[in-house]
Amino acid sequence: MKPDFIFFGEGIPEDAYYGSVRAAENCDAFVIIGTSGQVSPANMIPGIAKRNGAKIIEINMEPSTYTNYITDIYLEGKSGEILPAIDALMTR
C-alpha cells in the first residue's frame, strides 16, 4: 500500500495542483512551513499568492529561498513549537 503523499520524483495530481493554485490566487495570507522551497512545481505556489496580494508567513528552522524574496513574516524555529504558540495567542 502506498501512503497518501507524494514521493520525490512523483508528479502532483493535477486536481490537487490546480486547486492549490486557485487557493493561492484568492488567499489573504499564505503560510509556508518547513520547506527549502526548491521542489518544483510546488515551489511556485507561494509566489502566486504574493502576486495576488497575500501576506506570506514562513515558519522554518532556517532561511529558505522564500525568506528574502517574498516572506513578510519569518518565524525561525520548530513548527511543532511555533504553531501551538500561535494557536494559544489566537484562542485567548
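**Figure 1. Leu83 and its nonpolar neighbours on the surface.** Leu83 counts as partly exposed, because its relative accessibility is 36%, and partly exposed here covers values from 20% to 50%. This close-up, like the others in the set, comes from a predicted model. Look for Leu83 in helix α3, which runs over residues 79-90. Together with Val31 and Ile33, Leu83 makes a nonpolar surface patch of about 230 Å².

**Figure 2. The salt bridge between Asp72 and Lys50.** Here the side chains of Asp72 and Lys50 meet, with 2.7 Å from N to O. The two partners are 22 residues apart and link distant parts of the chain. Asp72 sits in the loop between β2 (55-60) and β3 (73-76), while Lys50 belongs to helix α2. How exposed is each partner? Asp72 is partly exposed, with a relative accessible area of 37%. Lys50 also falls in the partly exposed class, at 29% relative accessibility. If you go hunting for further pairs of this kind, note that a search of the whole structure finds 1 salt bridge.

**Figure 3. The largest pocket and the residues around its centre.** This view takes you into the largest pocket, which holds about 510 Å³ of space. Its lining is made up of 26 residues, and those nearest the centre are Ile12, Thr35, Val39, Ala42 and Asn43. Three elements each give two or more residues to this lining: α1 (14-26), β1 (29-33) and α2 (45-51).

**Figure 4. What the pocket wall is made of.** Which element supplies the largest share of the lining of the largest pocket? The answer is β1, with 4 residues. Sorted by class, the lining has 16 nonpolar residues, 9 polar ones and 1 charged residue. Helices α1 and α2 are also among the elements that give two or more residues to the lining.

**Figure 5. The whole chain, to help you place the close-ups.** Stepping back, you can count 3 helices and 3 strands in the protein chain. Their order along the sequence is α-β-α-β-β-α. The C-alpha trace spans about 40 × 35 × 25 Å along its principal axes. Of the 92 residues in the chain, 26% are buried. To find your way back to the earlier views, use helix α3 for Leu83, helix α2 for Lys50 and strand β1 for the pocket lining.

Terms used. Residues are numbered from 1 along each chain as its sequence is written. This is a predicted model: local features need pLDDT of at least 70, side-chain atom pairs count only at pLDDT 80 or more; totals for chains, interfaces and linings use all residues. Side-chain values use heavy atoms; hydrogens and water are left out. On a 1 Å grid over the protein atoms alone, a cavity is a set of points where a 1.4 Å probe fits but cannot get out, and a pocket is an open set with protein on both sides within 12 Å along at least five of seven lines; lining residues have an atom within 4 Å of a point. Grid points are joined across faces, edges and corners, and a volume is the space filled by probe spheres set on the points. Ala, Val, Leu, Ile, Met, Phe, Trp, Tyr, Cys and Pro count as nonpolar, Asp, Glu, Lys and Arg as charged, and the others, Gly among them, as polar. Patches are made of residues with over 30% relative accessible area and no salt bridge: like charges are joined within 9 Å, nonpolar side chains (Val, Leu, Ile, Met, Phe, Trp, Tyr) within 5 Å. Accessible areas come from the Shrake-Rupley method with a 1.4 Å probe; for residues, only the protein chains shown count as cover. A salt bridge is a side-chain nitrogen of Lys or Arg within 4 Å of a carboxyl oxygen of Asp or Glu. Buried means under 20% relative accessible area, exposed over 50%, partly exposed in between (1.4 Å probe, protein chains only).
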